[in-house]
Amino acid sequence: MEARRPGAAVRGNTVVTDTPAVRTHTEVAVGVLIRESDGALLITSRPVGKPRAGWWEFPGGKLEAGETVEQALRRELQEELGITITNCIPWKVTEHDYSHALVRLHWCKVTQWDGVFEMREGQQMAWQQLPLTVRPVLEGSYPVLAWLSAERGLPFDGALYAQDAAAAEK
Ligand SMILES: Nc1nc2c([nH]c(=O)n2[C@H]2C[C@H](O)[C@@H](COP(=O)(O)OP(=O)(O)OP(=O)(O)O)O2)c(=O)[nH]1
């Protein structure tokens, strides 16, 4: 007799279970662009059509097959912002489990780039000091905001950045 897991059903030759599939990580390259003159951080809003449209984040995006983190970040910032980064200092790796994806975020500090900023996806950009004044901010970015705050001797309060989340697109 066939052993069946609880919750499993047979449809034709296929066993269908309600056991969730193992979630694989989506690898993401993220740039912490730091302006030399005053240490301000570049924050951008997520464009219409993406999950969490209108939320604020550090610029970056998903790695494509065969790309290194640096290659992906260089491509994403050219595509989205029209600039070419000329350094990329690997910094931290974090993970966050969203309902839309389980992401692994590869954070790099970037202090040099060429070109003029152009928001090619209709997003907004803001050079910000800590604490940021834009809201809401993707929660996957909170650890990095906490580390940046610690580096600058500033307190960090994640609750600040969740403000206005209820009104924003999820
Ligand atoms: N760029 C960026 N992504 C972040 C940050 N924090 C954070 O949790 N994420 C998450 C949100 C998304 O689930 C994922 C990035 O995916 P994405 O959809 O924006 O990437 P992409 O630009 O390559 O998008 P796509 O058009 O190829 O779908 O990483 C952050 O500060 N910056």
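P59 is buried in this predicted model, with 22 other C-beta atoms within 10 Å, where 20 or more are needed for a residue to count as buried. P59 sits in the loop between β5 and β6, and, once its neighbours within four places in sequence are left aside, its contacts are G31, L42, T44, E76, L77, E80 and L81. T133, by contrast, is 74 residues from P59 in sequence and 17 Å from P59 in space, C-alpha to C-alpha.

From this loop one can step back to the chain as a whole, which has three helices and 11 strands and follows, read along the sequence, the pattern β-β-β-β-β-β-α-β-β-β-β-β-α-α. Of the 170 residues of the protein chain, 23% count as buried. Among contacts between residues at least 6 apart in sequence, 64% join residues at least 24 apart. An unreviewed UniProt entry annotates residues 24-150 as "domain: Nudix hydrolase", and over residues 24-150 the chain is 17% helix and 35% strand, with the end C-alpha atoms 31 Å apart.

The strand pairing can be followed from β3, which covers residues 25-33. Strands of a sheet pair through backbone hydrogen bonds, either parallel or antiparallel. Strand β3 pairs with β9 in the parallel sense over nine bridges, and within this pairing E27 has R104 of β9 as its bridge partner, while V30 stands opposite W107 in β9. With β6, β3 pairs in the antiparallel sense over three bridges, and here V28 stands opposite K62.

Strand β9, at residues 102-110, also pairs with β8, residues 89-97, in the antiparallel sense over eight bridges. The strands β8 and β9 form a hairpin with four residues between them; D97 stands opposite L102 in β9, and K92 has W107 as its bridge partner in β9. W107 is thus met from β8 through K92 and from β3 through V30.

A further group of three strands forms an open sheet in the order β5-β4-β11, with antiparallel pairing. In this sheet β5 (56-57) and β11 (125-128) stand at the edges and have a single partner strand each, so one side of each is left without a neighbour in the sheet. Strand β4, residues 41-45, is joined to β11 by four bridges, the two running antiparallel, and L42 stands opposite W127 in β11. L42 is also one of the residues in contact with P59, which ties this part of the description back to the loop between β5 and β6.

What lies between these elements is best approached through the nonpolar residues. In soluble globular proteins, nonpolar side chains tend to be buried together. The largest nonpolar core here has 28 residues, and those with the most contacts inside it are A29, L73 and C108. Two or more residues of this core come from each of β3, β4, α1 (69-81), β9 and α2 (142-151). Apart from its neighbours within four places in sequence, A29 is in contact with G60, G61, L63, V69, A72, L73, E76, H106 and C108. Both L73 and C108 are therefore contacts of A29 under a C-beta cut-off of 7 Å. E76 appears in the list for A29 and also in the list for P59.

The ligand, finally, is surrounded by 17 residues, the closest being E57, G60, G61, K62 and G140. The strands β3, β6 and β9 each supply at least two residues of this shell, and β6, at residues 60-62, gives the most, with three residues. By class, the shell has nine nonpolar, five polar and three charged residues. Several residues met earlier return at this site: G60 and G61 are among the closest to the ligand and are also among the contacts of A29, and K62, likewise among the closest, stands opposite V28 in the pairing of β3 with β6.

Key
Residues are numbered from 1 along each chain as its sequence is written. This is a predicted model: local features need pLDDT of at least 70, side-chain atom pairs count only at pLDDT 80 or more; totals for chains, interfaces and linings use all residues. A residue is near a molecule or strand if its C-beta atom, placed from the backbone, lies within 6 Å of it. Ala, Val, Leu, Ile, Met, Phe, Trp, Tyr, Cys and Pro count as nonpolar, Asp, Glu, Lys and Arg as charged, and the others, Gly among them, as polar. UniProt positions are given in the numbering used here, feature names are shortened, and annotations may be inferred rather than shown by experiment. Two strands pair if DSSP finds at least two bridges between them. A nonpolar core is a set of buried Ala, Val, Leu, Ile, Met, Phe, Trp, Tyr and Cys residues joined through C-beta atoms within 7 Å. A residue is buried if 20 or more other C-beta atoms lie within 10 Å of its own, exposed if 12 or fewer, and partly exposed in between; C-beta atoms are placed from the backbone. Two residues are in contact if their C-beta atoms, placed from the backbone, lie within 7 Å.
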